[in-house]
Amino acid sequence: MASVPFDKLDGHIWMNGEYVKWADAKVHVLTHGLHYASSVFEGERAYGGNIFKMTEHNERLHNSAEILGFKIPYSVQEIDDACVGLLNKQGLKDAYVRPVAWRGSEMMGISAQSNKINLAIAIWEWPSYFSPAEKLKGVRLDVAEYRRPDPATAPCKSKAAGVYMICTISKHAAEAKGYADAMMLDWRGHVAEATGANIFFIKDGEIHTPTPDCFLDGITRRTVIGLAKDRGINVIERTIMPDELSSFEQCFLTGTAAEITPVSEIGADRFVPGSMTETLMNDFTALVNPAAVKAAE
């Protein structure tokens, strides 16, 4: 699938209440969302025909749009129904789900109060964000040049397209050096997250993770914290400084795409994926895809 451009995939896309053939799901070049980043999106995963925490994701989509100053003209329930309907129409069980909402092309300029708000949903087969071999040994992270901005300068609680510009730049730069991804600091110089995933560290049987005060408190992040607490593992949300990294034993990333991915190094610091990370990976798989776990037994 990786060799097929995304605009050439087969099937349908749900667009403004209708099923549109994949190749015909287009927007005009003067769409406001393209020029001024007035766009929000979600990333969701289907396991065995069920979209994990779908409603929670679609509620966040609504909240993201409101932060950017527009209202999606479909309720959360309508978006849920559209996601399920499209998953069935695509004939997929294990897939990635991408709702996206944006301002249209009725007005061109920074101000676009009268522009139509559009909503589309695409669903496709998508393997693990990182290759299986890479995931087992732990991925390598660079340290990004760009930082997560001060919440007073960017809508950090919105999953907004514009916020991801520095993520693309940072991931491309890391990949050019042979890394899988990059860890980003925030504007204060504190450890924040990876370019598209939250980050966790393990030391002395406890989990440490940055406080999400300038980046998304990910749905998978919260799920993994819950799984850890169910195991009686102490989870500490706090400020983490870069010079602390050498003191941690294990590190992993969480996200809809990344799921739980161990990290083997960040710049000069090394980590060894261990039993606690493996346990959480197994617990997460059992939660999101119990049928697959049962079939493997």
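In which hand does α2 pass α3 at their crossing?

## Helices α2 and α3

In this predicted model, α2 passes α3 in a right-handed crossing. Helix α2 covers residues 54-67 and helix α3 covers residues 76-90; their axes lie 9 Å apart and make an angle of about 125 degrees. An angle between 115 and 145 degrees counts as oblique, and α2 and α3 are therefore oblique to each other.

On the α2 side, the residues that meet α3 are Met54, Thr55, Asn58, Glu59, Leu61 and His62. Their partners in α3 are Val76, Ile79, Asp80, Cys83 and Val84. Sorted by class, this contact has six nonpolar, three polar and two charged residues.

## Helices α6 and α7

Helix α6 (residues 219-230) and helix α7 (residues 275-288) have axes that come within 10 Å and cross at roughly 110 degrees. Angles of 65 to 115 degrees count as roughly perpendicular, and α6 and α7 are therefore roughly perpendicular to each other. Their crossing is right-handed.

Helix α6 contributes Thr220, Thr223, Val224, Leu227 and Ala228 to the contact, and helix α7 contributes Leu280, Asp283, Phe284 and Leu287. By class, these are six nonpolar, two polar and one charged residues.

## Glu265 in strand β15

Glu265 belongs to strand β15, residues 259-266. The relative accessible area of Glu265 is 12%, so this residue is buried, the cut-off being under 20%.

The side chain of Glu265 forms a polar contact of 3.2 Å with the side chain of Arg140. With neighbours within four places in sequence left aside, Glu265 is in contact with Val139, Arg140, Leu141, Tyr179, Arg270 and Phe271.

Terms used:
Residues numbered from 1 in each chain as written. Predicted model: local features only at pLDDT ≥ 70, side-chain atom pairs only at ≥ 80, totals over all residues. Heavy atoms only, no water. Axes fitted to C-alpha atoms, helices over the stretch in contact; angles between N-to-C directions. Helix = DSSP H or I, 4+ residues; strand = E, 2+ residues; numbered from the N terminus. Parallel < 35°, antiparallel > 145°, perpendicular 65-115°, else oblique. Left-handed = near helix turned anticlockwise from the far one by under 90°. Contact = heavy atoms within 4.5 Å. Nonpolar A, V, L, I, M, F, W, Y, C, P; charged D, E, K, R; others polar. Buried < 20%, exposed > 50% of the residue type's maximum accessible area, 1.4 Å probe, protein only. Polar contact = N/O pair within 3.5 Å; in protein donor to acceptor, adjacent residues only side chain to side chain.
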